[in-house]
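Got the viewer open? Let's walk through it one selection at a time, charged pairs and nonpolar packing both.

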Amino acid sequence: GFAVAAFLEPEILVVDEVLAVGDAQFQKKAIGKMQDVSKGEGRTVLFVSHNMSAIRNLCHRGVVLEDGAVCFDGDVSDAVDLYLRDTFDNVKDLPLDKMPRYGKTTGAVRFSSIEFLDRDGKKIRPSCGHFLRIKVGFDVDRPVGSSRMSLEIHDNNEAPVIYFDSQFTLRDTAFSEGKHFFTIDIEKLRLTEGDYRILLWARADGRVADYLKCTIPMSVDNGLFFPEGQIIPPHLRGSVLEEHVWKYD
């Protein structure tokens, strides 16, 4: 559909959530085409999306809708900041079971708690370069024969920076009715100091059971990631580090 619309060369190209359905190569081509249409050819692109990074990169004007009405129309950075503030700040302090769900979910699995722990199970604040255990509680309201879950860490623009999926290391799992937990052990946290958001997703018996979209806050403290003791400079807040060997010849 996007290819046909772009080929027709309309004066106004309306693009509604097109980046949500394609692979990385398609998204790259789609973004390139929209940039060509708007900047190279001087035509209008109306870009509808929940991808804040794409909106910041593509648009210069932003319109925020709430309950079908325009609540803001102006600079795109102000629009994105308003949208993120309204959708996140109002719910970030709620317990997981009270947070709003995204899309249609069956509720067969429902996330109920999240904790950041050290190796001994004590609650901690995540710190760059240190061990971190993320423990997530979930309730199963009826037995499920096959379940898969994922956890994503996003930056403040809701762009994903680290992705965990049970399917990477485990087969789909059956659960009995009741309270359950999963844990993710990270030997050396690669995130620099800053504020992040967590997304949780669960599928049970082939259908989406629960989906919390970037409503869970996660703050990371500064720490020593490299053995030489170099503190990461402030301009790299919200970045992902990688262990490496640097050599000069």
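Start with the charged side chains: there are 16 salt bridges in this predicted model. As background, oppositely charged side chains can pair up when their charged atoms come close. We'll stop at a few.

**Stop 1: Asp221 and Arg125.** Select these two and look at the side chains, which form a salt bridge with an N to O distance of 2.8 Å. Now zoom out to see where each one sits. Asp221 is in the segment after strand 12, while Arg125 is in the loop between strand 5 and strand 6, so the pair links distant parts of the chain, 96 residues apart. Color by accessibility and Asp221 comes out partly exposed, at 27% relative accessible area.

**Stop 2: Glu158 and Arg197.** Next, pick this pair, a salt bridge at 3.7 Å, N to O. Glu158 belongs to the loop between strand 7 and strand 8 (160–165) and Arg197 to strand 11, so the bridge ties together parts that are 39 residues apart in sequence. Buried or exposed, what is Glu158? Since its relative accessible area is 12%, which is under the 20% cut-off, Glu158 counts as buried. Arg197 is buried too, at 5%.

**Stop 3: Arg237 and Glu193.** Move on to this salt bridge, 3.6 Å from N to O. Arg237 lies in the segment after strand 12, and Glu193 in the loop between strand 10 and strand 11; they are 44 residues apart. Both ends are partly exposed: Arg237 has a relative accessible area of 46%, and Glu193 has 30%. Before leaving the charges, add Lys213 to your Stop 2 selection: Glu158, Arg197 and Lys213 are joined into one network by salt bridges that share partners.

**Stop 4: the largest nonpolar core.** Hide the charges and show Phe111, Ile134, Leu151, Phe182, Ile198, Leu200 and Met218. These touch the most other members of the largest nonpolar core, which has 37 residues. To see the scaffold around them, highlight the elements giving two or more residues to this core: strand 5 (109–117), strand 6 (132–140), strand 7 (144–154), strand 10 (178–186), strand 11 (194–204) and strand 12 (207–220).

**Stop 5: Phe182.** Center on Phe182. Which residues does it contact, leaving aside neighbours within four places in sequence? Show Phe111, Ile134, Lys135, Val136, Phe138, Met149, Leu151 and Leu200, and you have the list.

**Last stop: the second core.** Finally, select Leu13, Met34, Phe47 and Met52, which are among the 15 residues of a second, separate core.

Technical notes. Residues are numbered from 1 along each chain as its sequence is written. This is a predicted model: local features need pLDDT of at least 70, side-chain atom pairs count only at pLDDT 80 or more; totals for chains, interfaces and linings use all residues. Side-chain values use heavy atoms; hydrogens and water are left out. A nonpolar core is a set of buried Ala, Val, Leu, Ile, Met, Phe, Trp, Tyr and Cys residues joined through side-chain atoms within 4.5 Å. Buried means under 20% relative accessible area, exposed over 50%, partly exposed in between (1.4 Å probe, protein chains only). Helices (H or I, at least four residues) and strands (E, at least two) are DSSP runs, numbered from the N terminus. Contact means heavy atoms within 4.5 Å. A salt bridge is a side-chain nitrogen of Lys or Arg within 4 Å of a carboxyl oxygen of Asp or Glu.
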